[in-house]
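Here are a few short exercises to work through with the model open on your screen. Try each one yourself before reading the solution.

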Amino acid sequence: MRILFSLVKDFFNIALGTWLILVAFELAKPGMVQRFINLEYWLYALVLIYIMYIILRR
């Protein structure tokens with residue numbers, strides 16, 4: 001269980017960092033990221049990972 005907790009925590013940190021970078025690119029040049037990746041799906045994935053992180057933390 002401890003390994004799964006570590007994996008979810010690391011993945012959450014990486015996904016959050018990636019999402020923030022993509023949002024910064026989108027703010028710098030609107031439409032740049034939307035052509036390749038839908039930021040909404042990234043946000044939903046982050047919420048799901050965060051919920052898993054909270055559940056595993058207990």
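**Exercise 1.** Which residues in H1 are buried?

Solution. Keep in mind that this is a predicted model. Take a residue as buried when its relative accessible area is under 20%. Going along H1, you should end up with Val8, Phe12, Ala15, Trp19, Leu22 and Glu26. Now look at what sits over them: the cover includes H2.

**Exercise 2.** Find the residues of the largest nonpolar core and say which helices supply them.

Solution. The core has 11 residues, including Val8, Phe12, Ala15, Trp19 and Leu22. Val33, Leu39, Leu46, Ile49, Tyr53 and Leu56 also belong to it. Helix H1 (2-28) and helix H2 (39-57) each supply at least two residues of this core. For a close-up, pick alanine 15: leaving out residues up to four places away in sequence, it touches Trp42, Leu46 and Ile49.

**Exercise 3.** Check the span of H1 against what its residue count predicts.

Solution. H1 has 27 residues, and at 1.5 Å a residue they should span 39 Å. The end C-alpha atoms of H1 are 39 Å apart, so the two values agree.

**Exercise 4.** Work out how spread out the protein is, given the globule rule.

Solution. Start with the parts list: two helices, zero strands. The radius of gyration is 13 Å, well over the 10 Å that the rule gives for 58 residues, so the protein is more spread out than a compact globule. Next, the C-alpha trace spans about 40 × 15 × 15 Å along its principal axes. Finally, buried residues make up 21% of the 58.

How values were computed: Residues are numbered from 1 along each chain as its sequence is written. This is a predicted model: local features need pLDDT of at least 70, side-chain atom pairs count only at pLDDT 80 or more; totals for chains, interfaces and linings use all residues. Side-chain values use heavy atoms; hydrogens and water are left out. A nonpolar core is a set of buried Ala, Val, Leu, Ile, Met, Phe, Trp, Tyr and Cys residues joined through side-chain atoms within 4.5 Å. Buried means under 20% relative accessible area, exposed over 50%, partly exposed in between (1.4 Å probe, protein chains only). Helices (H or I, at least four residues) and strands (E, at least two) are DSSP runs, numbered from the N terminus. Contact means heavy atoms within 4.5 Å. The radius of gyration is taken over C-alpha atoms; the globule rule is 2.2 Å times the number of residues to the power 0.38. The expected span of a helix is 1.5 Å times one less than its number of residues.
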